[in-house]
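Trainee: I am new to this structure. Please give me a close look at its salt bridges, and set them in the chain around them.

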Amino acid sequence: MRLAELSRRSGVATATIKYYLREGLLPPGRQVNPTTAEYDDAHLRRLRLVRAMIQVGGLPVATVREVLRNVDDYALGRTLRLGAALWALPQVPEPDENDAFVQAAHREVDELLDRLGWSNAKLLTTISPSYRSLVVAVAAFRRLGYEWGFELLASYGRLMHEVAKLDLDFVETHPSEAEKAETAVLGSVLTEPMLQALRRLAQEEESGRRYGFE
């Protein structure tokens with residue numbers, strides 16, 4: 001398809017597409033003459049992903065470029081490529097490793113991973129922002145004096161493992177490696193707000209069942 005058709009099908013203005021091309025967010029099309037290029041469904045799919053990250057996720061162009069660089073890095077195996085792409089998304093600040101609550105949270109989270117049998121996640125703790133995010137969250141709970149029991153945390157972990165299976169089952173329905181990686185990133189940007197909304201709706205439903213509306 002030509003640029004005008006790509007714009008029509010994607011709903012993105014031609015000027016914006018040209019900007020994405022200049023910024024390296026969209027691969028160049030196949031040049032058919034000095035002034036005209038052709039684009040295909042892979043460009044359309046990538047354009048929708050870029051649009052979701054920028055317009056829905058609110059990510060800056062530099063972050064989007066880094067995410068896509070990892071999506072396209074086929075030198076990495078699938079697990080590390082997906083991980084690197086997701087890790088390039090905005091994360092919580094680094095924990096203060098000298099803080100006593102952070103040190104205790106590390107021990108608690110490590111024990112949690114052992115209890116859940118998450119040996120692969122355990123292998124990635126030194127590089128995973130998700131691990132550090134959980135450490136920060138657990139440390140914050142403990143610092144404020146909230147009792148968030150270990151068994152409750154483990155129960156949430158088991159539920160999240162089921163969610164992860166659903167996520168990757170959906171990723172596996174896409175035929176190419178590029179589509180799998182793009183779907184994983186899109187899922188992180190769009191699905192996490194949806195899951196948060198579903199959780200809150202479920203809380204409203206369960207509250208009504210338990211306590212009524214009087």
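Mentor: The chain comes before the salt bridges, and a few side topics follow.

This is a predicted model, so local features need pLDDT of at least 70, side-chain atom pairs count only at pLDDT 80 or more, and totals for chains, interfaces and linings use all residues. Residues are numbered from 1 along each chain as its sequence is written, and side-chain values use heavy atoms, with hydrogens and water left out.

Start with the layout. The protein chain has 10 helices and two strands. Both kinds of element are DSSP runs numbered from the N terminus: helices are H or I with at least four residues, strands are E with at least two. Read from the N terminus, the order is α-α-β-β-α-α-α-α-α-α-α-α. Along the principal axes, the C-alpha atoms fill a box of roughly 65 × 50 × 30 Å.

Of the 214 residues, 33% are buried. Buried means under 20% relative accessible area, exposed means over 50%, and partly exposed lies in between (1.4 Å probe, protein chains only).

One span carries a label. An unreviewed UniProt entry annotates residues 1-70 as "domain: HTH merR-type". UniProt positions are given in the numbering used here, feature names are shortened, and such annotations may be inferred rather than shown by experiment. That span is 61% helix and 10% strand, and its end C-alpha atoms lie 27 Å apart.

Now the salt bridges. The rule asks for a side-chain nitrogen of Lys or Arg within 4 Å of a carboxyl oxygen of Asp or Glu. The count comes to 17.

Take Arg46 and Glu182. Their side chains meet at 2.9 Å, N to O. Arg46 sits in helix α3 (residues 41-56) and Glu182 in helix α10, so this bridge ties together parts that are 136 residues apart in sequence. Both partners are buried.

A second bridge joins Arg142 and Glu108, at 2.6 Å, N to O. Arg142 belongs to helix α8 (residues 129-143) and Glu108 to helix α6 (residues 100-116), so the pair ties together parts 34 residues apart in sequence. Arg142 is partly exposed at 25% relative accessibility, while Glu108 is buried at 14%.

A third bridge stays inside one helix. The closest N and O atoms of Arg209 and Glu205 are 2.7 Å apart. These two residues are four apart in helix α10, which means about one helical turn separates them. Arg209 is exposed, at 63%. Glu205 is partly exposed, at 42%. Bridges can also share partners: Arg45, Arg46, Glu179 and Glu182 are joined into one network that way.

Stay in helix α10, which covers residues 177-211, and find Lys180 there. Lys180 is buried, at 6% relative accessible area. Contact means heavy atoms within 4.5 Å. Beyond its neighbours within four places in sequence, Lys180 is in contact with Arg78, Leu82, Val171, Glu172, His174 and Pro175. Leu144 is 36 residues from Lys180 in sequence, and their C-alpha atoms are 40 Å apart. Across the chain, 60% of contacts between residues at least 6 apart join residues at least 24 apart.

Next, the aromatic rings. Rings of Phe, Tyr and Trp (its six-membered ring) pair if their centres lie within 6.5 Å; planes under 30 degrees apart count as stacked, over 60 as edge-to-face and the rest as tilted. The whole structure holds two such pairs. In Tyr19 and Tyr20, the ring centres are 6.1 Å apart and the planes meet at 50 degrees, so this pair is tilted. Phe141 and Tyr146 have centres 6.0 Å apart and planes at 70 degrees, so they are edge-to-face. Phe141 is partly exposed, at 33%. Tyr146 is exposed, at 52%.

Last, the surface. Its accessible area is about 13,400 Å², and 57% of that belongs to carbon and sulfur atoms. Such areas come from the Shrake-Rupley method with a 1.4 Å probe, and for residues only the protein chains shown count as cover. Leu152, Tyr156, Leu159 and Met160 make a nonpolar patch of about 380 Å². Patch residues have over 30% relative accessible area and no salt bridge; like charges are joined within 9 Å, and nonpolar side chains (Val, Leu, Ile, Met, Phe, Trp, Tyr) within 5 Å. Tyr156 lies in helix α9 (residues 150-171). Tyr156 is partly exposed, at 32%.
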